[in-house]
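Me: I'm new to this one and would like to understand the words people use for it. Could you show it to me and then explain, term by term, how each label is earned?

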Amino acid sequence: MTGLEFVFVLIAALTLFSAVMVVTTPNMVRAALWLILALFGVAGTFVLLNAAFLAVVQVVVYIGAIAVLMIFAIMLTRKVMKDSGPQTNSTWGLAALIAAALFGGLTFALTRSPAATLMAPDFSTVSDPVAELGRALVSPQAYVIPFEVASVLLLAAMIGAIYVAWKK
Amino acid sequence: MLTNWLYVGLFIIVALVLPAVTIIVPRFIAPKKPNRIKVDVYECGIETVGEAWVQFKVQYYIFALVFLVFDIETVFLYPWAVAFDKLPLFAVMEGVLFIALLLAGLVYLWRKGVLEWA
């Protein structure tokens with residue numbers, strides 16, 4: 001086992017353990033904190049896959065904003081914070097079966113597919129992938145229209161969210 | 001590329017070990033003379049009122065909602081900023097337009113009074 005594989009196993013174990021803790025912790029605030037650890041593990045996996053930008057996005061958006069949004073949402077609802085009802089309901093066995101079948105099916109299909117033997121494309125000639133992405137985002141030959149449309153979309157999302165959430 | 005991340009991993013380990021040491025070591029070497037005031041919850045030096053598990057004001061959620069949008073803006077601006085010194089003026093203006101469009105949203109919130117802490 002190489003050092004990289006060891007780090008991967010470590011990060012994968014941390015991610016899976018946190019994910020299990022998210023669904024088994026009775027307290028919702030603690031579950032949200034475990035979710036942050038799980039998302040952090042996913043960021044580590046992105047790093048190991050040489051996807052540094054995605055790792056940054058994972059930390060900035062998922063841990064920095066979405067986890068905070070979730071914790072605020074939990075803390076807004078006083079009852080949920082106190083409530084520690086049962087962690088399972090009557091269909092948990094069926095749900096576990098479907099999840100296991102989906103996992104097994106995906107593993108089967110992905111290990112059989114020709115993509116399983118493909119190597120990652122070599123980006124070692126690109127000196128700075130993030131700078132390349134930045135240039136592509138604002139280049140008229142590439143993604144400038146989606147880039148500006150994203151800004152309009154974000155504006156609409158912000159105004160829409162405030163219109164719905166803000167009553168005075 | 002990955003070797004650079006080794007430093008990040010190193011920093012994570014240091015960031016975990018250092019506070020752990022400062023919490024665990026005093027447990028063994030510090031003298032213990034607890035009284036009611038000493039074991040009280042510390043909250044910026046003022047006396048604590050009620051429990052820590054309180055219900056938040058809805059304003060926090062609204063701020064988090066707006067923060068989420070600007071956070072996603074950061075994701076788009078980060079590669080743009082990295083490539084900034086290699087970009088032509090036109091491309092720089094594209095980024096400025098991106099920021100300006102979202103600033104319009106901020107102005108909308110401001111005018112609507114969302115940013116006021118009532």
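Me: What makes chain A differ from a compact globule of 168 residues?
Reply: Its radius of gyration is 21 Å, whereas a compact globule of 168 residues would have one near 15 Å. The radius is taken over C-alpha atoms, and the globule rule is 2.2 Å times the number of residues to the power 0.38. The C-alpha atoms of chain A fill a box of roughly 55 × 55 × 30 Å along the principal axes. Please keep in mind that this is a predicted model, in which local features need pLDDT of at least 70, side-chain atom pairs count only at pLDDT 80 or more, and totals for chains, interfaces and linings use all residues. Residues are numbered from 1 along each chain as its sequence is written, while chains are lettered from A and ligands numbered from 1 in the order in which they are written.

Me: And why is chain B called more spread out than a compact globule?
Reply: By the globule rule, 118 residues would give 13 Å, but the radius of gyration of chain B is 23 Å, well over that value, so chain B is more spread out than a compact globule. Its C-alpha trace spans about 70 × 50 × 20 Å along the principal axes.

Me: How many helices and strands does each chain have?
Reply: Chain A has 7 helices and 0 strands, and chain B has 3 helices and 0 strands. Helices (H or I, at least four residues) and strands (E, at least two) are DSSP runs, numbered from the N terminus. Along the sequence, chain A reads α-α-α-α-α-α-α and chain B reads α-α-α.

Me: Why is A:Val47 called buried?
Reply: A residue is buried if 20 or more other C-beta atoms lie within 10 Å of its own, exposed if 12 or fewer, and partly exposed in between, with C-beta atoms placed from the backbone. A:Val47 has 21 other C-beta atoms within 10 Å, so it is buried. This residue sits in helix α2 (residues 28–48) of chain A. Buried residues make up 14% of the 168 residues in chain A, and 14% of the 118 residues of chain B also count as buried.

Me: Which residues does A:Val47 touch, leaving aside its neighbours within four places in sequence?
Reply: They are A:Ala52, A:Ala55 and B:Trp5. Two residues are in contact if their C-beta atoms, placed from the backbone, lie within 7 Å.

Me: What makes B:Val69 buried?
Reply: B:Val69 is buried because 21 other C-beta atoms lie within 10 Å. It belongs to helix α2 of chain B. Apart from neighbours within four places in sequence, B:Val69 is in contact with A:Leu154, A:Ala157 and A:Met158.

Me: What is the largest nonpolar core, and how is such a core defined?
Reply: A nonpolar core is a set of buried Ala, Val, Leu, Ile, Met, Phe, Trp, Tyr and Cys residues joined through C-beta atoms within 7 Å. The largest one has 11 residues, including A:Phe72, A:Leu154, A:Met158, B:Leu65 and B:Val69. At least two residues each come from α3 and α7 of chain A and from α2 of chain B. The largest share, 5 residues, is supplied by α2(B). Apart from this core lies another, of 9 residues, among them A:Ala32, A:Leu35, A:Phe40 and A:Val47. In soluble globular proteins, nonpolar side chains tend to be buried together.

Me: Why are α6(A) and α2(B) called roughly perpendicular?
Reply: Helix α6 (residues 129–138) of chain A and helix α2 (residues 58–82) of chain B pack at an angle of about 105°, with their axes 7 Å apart. That makes α6(A) roughly perpendicular to α2(B): angles under 35 degrees count as roughly parallel, over 145 as roughly antiparallel, 65 to 115 as roughly perpendicular and the rest as oblique. Axes are lines fitted to C-alpha atoms, for helices over the stretch in contact, and angles run from 0 to 180 degrees between N-to-C directions.

Me: How do the residues on the side of chain A that touches chain B divide by class?
Reply: They divide into 32 nonpolar, 5 polar and 5 charged. Ala, Val, Leu, Ile, Met, Phe, Trp, Tyr, Cys and Pro count as nonpolar, Asp, Glu, Lys and Arg as charged, and the others, Gly among them, as polar. The contact takes 42 residues from each of chain A and chain B, and α7(A) gives the most to the side of chain A, with 14 residues.
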